[in-house]
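Visitor: I'd like to learn how to read a model like this one. Could you walk me through it?

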Amino acid sequence: MARVPRYGQLKFRDRRGDPKDPQTWEFKDKAVNIGKMFSYRSYIPGNTLAAAVWTFDGVTAENYPRGLPLELTIRVYRSHMGKIDEGITGSIVIRNPETGEESREQIFTGRDFAIDRIHIPRQLYDSRDNQVDLFDDLVTSDGKTEVWIRCLRPGQYFGMARADVYLSAREASYTLNFLKGLAGIWLQVMLVTGLAVLFSTFLSGPIAMLLTLTAIILGFNRGFLDHVAISVLNPENMKELVLTHERYYGGGPLEAFYRIITQNNLLTELDEGTLTTIIKTSDLVLVTCVDKMLRLLPDFEQFSEVRYLSHGYDINGHLLLQHSLTTLGFLLAAYVAGYFMLKTREMAQ
Amino acid sequence: MNQQRLFVRKIIYFSAIALLLFPLFLLSQPATTRSEGGLLARLRSDAGLTEANLGQIDPTSASMKLATFGLHGAATTKLWSNAIGYKEREDFTNFGATLQQITYLQPHFVKVWDFQAHNVAFNISVEFDDYRDRYHYVKKGLNLLKQGIRYNEKEPKLLRALAQFTGFKIGRSDEKKFYRVMYREDDDFHAPPRNQNPLADTRYRRPEALRDNWLVSKWWYREAENLVLNRLASYGTMNPFLVHSDPPRQQMQYAEAIEKDGEFGSKAKQAWALSSDEWQDYGARDIPTTLGFSVRLGQVERFRQLRDEYFQELNDEVSELRDARKQQVLDNLTAEELAVWQKPPDERNLEEITLAMDVENRLNISLEELVEGLPEAERQRALHLKERYDYANDRFNMIEKYRDVVNYSYWERRAVVEQAADTIAARKNIYLGKKAYREGDLPAARKYFEKGMQLWSEVLAKFPMLLDEYVMVSDLMTMVQAYQEILAQTRKDGSRQLPENFELQVVVDKYDEFHGAKTISKPALDAD
């Protein structure tokens with residue numbers, strides 16, 4: 001299976017049906033947090049006016065001649081047990097964002113951790129039982145339409161993020177997708193090989209191998225190291241990271257080591273003194289070096305096309321092309337650097 | 001550095017390596033079928049720590065440990081961190097895969113299996129909305145424990161964890177009504193193909209027909225108990241009183257559960273009869289205590305009697321001396337002390353109370369002091385009696401303490417009472433009443449409840465000691481509250497008032513006595 005999704009833009013309405021935040025006066029892109037640390041999904045309470053509204057572009061009869069193939073991967077959260085053997089019901093409404101005309105509610109049962117396929121036919125009924133045409137009445141002239149999802153059970157919630165509801169454009173070839181996944185891995189191999197060859201132009205074999213290994217470890221943990229670097233280098237500007245639980249406490253490598261051996265917790269400030277000053281200054285130097293090195297290394301994490309493959313999504317050709325060009329650029333730079341290293345070495349000998 | 005020096009240095013290195021290989025060989029030569037191996041292999045074998053001794057051998061696990069070049073501690077830490085991340089991000093597929101890798105690297109770390117199985121069966125399962133998905137993850141947790149048992153066959157803690165999860169997660173969770181049926185009918189779980197059975201080739205062969213979760217739980221508790229009894233494992237940090245009480249307690253849970261499922265024939269009676277027999281056996285078992293001696297919970301009366309007899313004899317021996325000493329204390333009291341002591345206790349002020357307590361302490365002469373004060377000829381006999389008294393008293397106190405821990409008396413009585421025909425009939429009527437209520441037949445529900453409560457009043461008349469137990473009173477009170485709900489729905493005025501001469505008024509009074517106030521909450525008739 002290689003699903004080709006067309007994603008829309010997601011906004012939320014709160015329990016009063018209000019589309020804008022009363023303080024910032026901006027459209028809400030987050031709903032309720034039910035207490036999970038993983039705040040990727042927002043939750044809408046049931047039996048209220050709260051709704052998740054997706055706006056899709058390019059909705060035309062040519063693209064979807066048999067109606068809209070919607071796919072949902074929403075989460076269900078129960079604040080009370082309810083009937084265990086019954087699912088939580090929700091409704092889907094298709095709405096024209098310009099005229100406000102909307103279809104009659106289509107009821108579905110939330111199935112979490114599963115892909116729920118819902119077909120929206122071309123011929124629908126509105127709330128007054130008048131027949132409406134999907135493309136003529138519920139889609140704007142420039143191909144925009146809205147999908148409203150609500151939870152119907154009081155006290156229960158639906159959790160959603162942007163990628164949880166999409167239009168399934170088509171099913172791409174699995175074999176081709178598999179090959180694209182392989183190509184992603186091959187690009188990673190090329191990057192590692194390029195790095196290793198570059199290092200071997202000015203270092204002995206075992207040292208070059210160790211450095212390549214270090215580069216791979218750094219490259220595959222770039223996200224984590226970036227956050228550690230920001231946490232150490234710019235601790236004052238961490239407000240946003242604190243909010244999203246992405247701030248790392250405990251300082252750089254030396255401070256972390258010191259805390260481990262003294263069994264000091266991460267949040268306590270170290271006692272002021274010469275030792276702390278030495279540790280913090282050394283950490284600044286070390287982390288600055290790591291930070292600079294990270295800028296030179298390719299971000300291996302981003303080359304994981306295979307993740308799309310394992311989750312059953314088609315690997316976007318543009319993404320593969322972008323990664324191929326990045327690899328090519330990196331290899332070119334490595335080639336030039338390697339060439340001059342070798343030249344320098346020959347001259348020295 | 002010239003080429004010759006380099007060459008010499010290399011020769012020295014290689015010679016040193018070759019020389020060091022000999023002691024290395026003597027130390028760490030692996031054991032084979034023909035040889036006992038090196039020193040380390042022999043030590044492992046003597047201490048029962050070889051892979052084959054601990055459980056089944058997994059080549060994948062061994063390969064992974066080798067492949068990490070001694071860095072498997074660091075690898076494990078990273079994997080644990082990844083697993084926590086995957087769980088937070090609700091990526092349970094990758095979480096499962098990471099878990100598998102952790103267990104490959106730490107197959108003999110019991111806490112890994114225990115903690116992660118609990119994580120999967122209790123924490124991850126509830127992330128799913130559909131109870132069938134939840135059950136799937138509960139089963140995954142149980143299978144994880146089975147895998148752990150495969151590699152650690154003689155680890156009673158893992159067996160007990162499996163027993164506990166099987167009992168409580170399947171039989172006590174909100175979804176128990178569905179879980180118990182699904183578990184019973186789950187052929188994939190109970191009779192998996194050999195290549196998918198984690199317990200294949202191990203010492204554990206549970207009868208396939210044993211499918212009730214409480215009985216399976218009991219079976220695993222028994223296996224854990226047998227490991228200790230057969231000296232294949234020690235109690236370790238496990239409490240011996242719980243190790244031996246769990247199997248009969250699971251039998252009682254089974255008896256309770258089948259009655260809740262609507263089984264009231266001979267099967268229920270036999271289940272309770274077996275519970276009673278097993279509880280008696282438990283009471284007759286020698287169980288080690290923290291004071292270094294063993295006790296039997298069923299011998300409380302014997303030791304109470306012995307203690308009282310020895311005390312009486314000892315008291316007779318020292319009574320004269322005690323009277324004399326008391327008189328001596330009284331004679332030495334000051335006039336103020338004597339006046340306070342003779343004053344009725346409720347007329348004493350704060351200072352006088354302290355003073356009176358001081359006098360009482362002086363009058364309260366210990367047995368040891370009295371025995372020491374006896375003449376030489378009588379002292380030996382008194383000392384002997386004192387030893388006997390201490391022996392009986394220590395055992396009595398210990399038995400009482402542990403009986404409280406496992407609520408021995410309650411379960412002893414309960415297992416007997418539940419076998420009685422009246423009790424079974426009473427429970428059956430209440431069950432039918434609840435069923436009729438759920439089906440909307442309120443007159444029939446009321447009739448069944450009234451019949452059931454009348455039978456309960458007869459049971460309580462025969463076994464009044466049941467009312468001493470809060471658990472029992474609370475259980476009966478839930479029934480009374482359900483009856484009040486039915487009354488409210490069948491009466492025109494909607495009153496929940498219990499009728500005059502209500503048969504179970506004694507239960508209501510006792511419940512209020514336990515709570516110290518009239519606290520009647522709304523019943524949960526839909527439950528069970």
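Visitor: Let's start with the domains. How far apart do the C-alpha centres of domain 1 and domain 2 of chain B lie?

Guide: This is a predicted model, so keep that in mind throughout. The two centres are 39 Å apart. For orientation, the assignment puts domain 1 of chain B at 3-47 and domain 2 at 59-238, followed by domain 3 at 298-409 and domain 4 at 420-515.

Visitor: And what is chain B built from, in terms of helices and strands?

Guide: Count the elements, then look at the overall spread. Chain B has 24 helices and 2 strands. Its radius of gyration is 33 Å, well over the 24 Å from the globule rule for 528 residues, so chain B is more spread out than a compact globule. Along the principal axes, its C-alpha atoms take up a box of roughly 110 × 80 × 45 Å. As for burial, 30% of the 528 residues of chain B count as buried.

Visitor: Where does the largest nonpolar core lie?

Guide: To place a core, ask who contributes to it. This one has 64 residues, and those with the most contacts inside it are Ala117(B), Leu145(B), Leu162(B) and Ile399(B). Helix α19 of chain B, residues 376-406, supplies the largest share, 9 residues. Domain 2 (59-238) and domain 3 (298-409) of chain B both give residues to the core, so it lies between them.

Visitor: Take Leu145(B), then. Which residues is it in contact with, leaving aside neighbours within four places in sequence?

Guide: Trp113(B), Ala117(B), Leu158(B), Ala161(B), Leu162(B) and Phe165(B). Notice that Ala117(B) and Leu162(B) are also on the list of residues with the most contacts inside the core.
There's a second, separate core too, with 36 residues, including Ala51(A), Ile149(A), Met160(A) and Leu167(A).

Visitor: That takes us to chain A. How many helices and strands does chain A have?

Guide: Chain A comes to 9 helices and 14 strands. Run the globule check again: the radius of gyration is 26 Å, well over the 20 Å the rule gives for 349 residues, so chain A is more spread out than a compact globule. Its C-alpha box is roughly 90 × 50 × 40 Å, and buried residues make up 26% of the chain. Of the contacts in chain A between residues at least 6 apart in sequence, 71% join residues at least 24 apart.

Visitor: Last one: how many residues of each chain are in contact with the other?

Guide: On chain B it's 11 residues, touching 12 of chain A. Now sort the chain B side by type: 8 are charged, 3 are nonpolar and none are polar.

Terms used. Residues numbered from 1 in each chain as written. Chains lettered and ligands numbered in written order. Predicted model: local features only at pLDDT ≥ 70, side-chain atom pairs only at ≥ 80, totals over all residues. Contact = placed C-beta atoms within 7 Å. Nonpolar A, V, L, I, M, F, W, Y, C, P; charged D, E, K, R; others polar. Domains from an automatic or database assignment. Core = buried A, V, L, I, M, F, W, Y, C linked by C-beta atoms within 7 Å. Buried ≥ 20, exposed ≤ 12 C-beta atoms within 10 Å, placed from the backbone. Helix = DSSP H or I, 4+ residues; strand = E, 2+ residues; numbered from the N terminus. Rg over C-alpha atoms; globule rule 2.2 N^0.38 Å.
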